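This briefing is intended for a reader who is meeting the structure for the first time. Please keep the sequence and the three-dimensional view at hand while reading.

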Amino acid sequence: MAREVGELRRMLAPARQRSATIALVPTMGALHEGHLSLIRSAAASADEVVVSIFVNPAQFNDPADLLQYPRDVHRDIELASAAGASLIFVPDPDEVYPVGFSTSVHIGGVAALWEGVARGPSHFDGVALVVTKLFGMVGPDVAWFGQKDAQQVAVVRRLVADLNLPVEIRTGPTVREPDGLAMSSRNVRLSSADRDRAAVLHRALDFVKHGIMIRENDSDTAIAAGTDLLRTAGIEAEYLAVVDPDTFEPRPRLDDRPALVIIAARVGPVRLIDNEPVA
Ligand code: AMP
């Protein structure tokens with residue numbers, strides 16, 4: 001385990017010297033099967049797998065969410081190592097943002113929509129900043145991100161392309177509970193009644209997906225039906241939409257290009273997001 005950048009670089013130096021492939025899996029800890037599947041995929045195709053565990057204050061727009069974010073570093077280290085991590089990087093906030101830190105990364109375009117509206121522009125700017133820093137600290141050849149946070153993937157791809165960062169971005173599929181709920185570190189904060197209701201998010205995504213395919217590609221009708229389904233469980237979506245998977249611009253009518261159904265909703269006190277590709 002490394003807590004400081006100097007230590008991390010020293011530990012990675014032998015791998016770099018022998019031109020080993022280095023993969024990075026950035027996480028905020030509270031690891032679950034979604035994170036572990038990314039680590040396993042990374043380990044299957046790289047010589048060294050660095051897992052970073054850092055609850056990045058810069059990407060939290062809600063101070064209560066930051067405060068309540070679950071943390072269990074010892075358990076995380078064990079799980080990540082068992083899944084194939086060769087080095088765990090757990091920096092303190094001061095190591096990432098030392099006194100005098102004055103640089104920002106602002107990302108527009110895809111970052112300005114949906115989550116960028118709901119959580120404010122500072123959210124994806126915070127993600128872009130920490131991802132840029134982690135790439136600088138670790139120097140990975142490949143970095144792995146979950147399809148669960150599809151807009152984050154689109155933002156990171158944009159960042160890498162715009163800043164010519166020499167890192168290949170790869171994604172892993174969303175890992176779900178048996179009832180379809182996407183695994184998330186925030187799920188532990190759901191009451192048992194809310195946990196049961198939360199499964200309707202994925203059912204609504206499926207409903208919209210199949211609705212579009214059946215109803216002559218008309219997104220609006222399918223979205224209205226999905227919204228009704230959510231209401232039967234007492235859930236009001238913050239957004240439920242069909243979008244382009246790269247730009248996240250709405251796609252009112254489908255054609256042969258890929259599309260994504262996206263959702264955000266509060267279930268009790270917990271804000272959940274999910275998505276499902278339309279084949
Ligand atoms: P987080 O710790 O929430 O920042 O997530 C770290 C990485 O794990 C991100 O790339 C997420 O997209 C990914 N991830 C989170 N939940 C899942 C999931 N259920 N399935 C697959 N990947 C996930």
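The points below cover the ligand site, the strands, three individual residues and two unusual backbone angles.

The model is predicted. A ligand is surrounded by 17 residues, and the protein covers 93% of the 480 Å² of accessible area that the ligand has on its own. Beyond the ligand site, the briefing turns to strand 1, which pairs with strand 2, and to strand 6, which pairs with strand 7.

**The ligand site**

- Among the 17 residues that surround the ligand, the closest are Met28, Gly146, Asp149, Val175 and Met183.
- Sorted by class, the shell around the ligand consists of 8 nonpolar, 7 polar and 2 charged residues.
- At least two residues of this shell come from each of strand 1 (22-27), helix 2 (33-45) and strand 4 (142-146).
- Helix 2 makes the greatest contribution to the shell, supplying 3 residues.
- Two side chains place a polar atom beside an oxygen atom of the ligand: that of Asp149 at 2.6 Å and that of His35 at 2.9 Å.
- Met183 approaches the ligand through its backbone, where an N or O atom lies 2.9 Å from a nitrogen atom of the ligand.
- Of the 480 Å² of accessible area that the ligand has on its own, the protein covers 93%.

**Strand 1 and its partner**

- Strand 1 is largely enclosed by the rest of the structure, because 5 of its 6 residues are buried.
- Strand 1 runs parallel to strand 2 (residues 48-53), and 6 bridges join the two.
- Within this pairing, Ala23 has Val49 of strand 2 as its bridge partner.
- Strand 1 also supplies at least two residues of the shell around the ligand.

**Strand 6 and its partner**

- Strand 6 (residues 237-243) is mostly covered, with 5 of its 7 residues buried.
- The pairing of strand 6 with strand 7 (residues 259-267) is antiparallel and extends over 6 bridges.
- Tyr239 has Ala264 of strand 7 as its bridge partner.

**Arg271 in strand 8**

- Arg271 belongs to strand 8 (residues 270-278).
- Its relative accessible area is 17%, which is under the 20% limit, so Arg271 counts as buried.
- The side chain of Arg271 makes polar contacts with two glutamate side chains, that of Glu115 at 2.8 Å and that of Glu238 at 2.8 Å.
- Leaving aside neighbours within four places in sequence, Arg271 is in contact with Glu115, Ala118, Arg119, Arg186, Glu238, Tyr239, Ala264, Ala265 and Arg266.
- Tyr239 and Ala264, both contacted by Arg271, are the bridge partners noted above.

**Val270 in strand 8**

- Val270 is likewise found in strand 8.
- Val270 counts as buried because its relative accessibility is 1%.
- Apart from residues up to four places away in sequence, Val270 touches Arg186, Arg189, Leu190 and Ala265.
- Arg186 and Ala265 are touched by Val270 and are also in contact with Arg271.
- Val270 and Ala42 are 228 residues apart along the chain, and their C-alpha atoms are separated by 30 Å.

**Arg3 before helix 1**

- Arg3 lies in the segment that precedes helix 1 (5-17).
- With a relative accessible area of 37%, Arg3 falls between the 20% and 50% limits and is therefore partly exposed.
- Not counting residues up to four places away in sequence, Arg3 touches Phe89, Val90, Pro91, Asp92 and Glu95.
- The side chain of Arg3 reaches the backbone oxygen of Val90 at 3.3 Å.
- The C-alpha atoms of Arg3 and Gly109 are separated by 34 Å, the two residues being 106 places apart along the chain.

**Positive phi angles**

- Most residues other than glycine have a negative phi.
- Ala30 is not a glycine, yet it has a positive phi of about 50°.
- Ala30 is located in the loop between strand 1 and helix 2, and it counts as buried at 13% relative accessibility.
- Trp114, also not a glycine, has a positive phi of about 45°.
- Trp114 is located in the loop between helix 5 (93-96) and helix 6 (115-118).

Conventions:
Residues numbered from 1 in each chain as written. Predicted model: local features only at pLDDT ≥ 70, side-chain atom pairs only at ≥ 80, totals over all residues. Heavy atoms only, no water. Near = heavy atom within 4 Å. Polar contact = N/O pair within 3.5 Å; in protein donor to acceptor, adjacent residues only side chain to side chain. Areas by Shrake-Rupley, 256 points an atom, 1.4 Å probe, with all protein chains shown as cover. Helix = DSSP H or I, 4+ residues; strand = E, 2+ residues; numbered from the N terminus. Nonpolar A, V, L, I, M, F, W, Y, C, P; charged D, E, K, R; others polar. Buried < 20%, exposed > 50% of the residue type's maximum accessible area, 1.4 Å probe, protein only. Pairing = 2+ DSSP bridges. Contact = heavy atoms within 4.5 Å.
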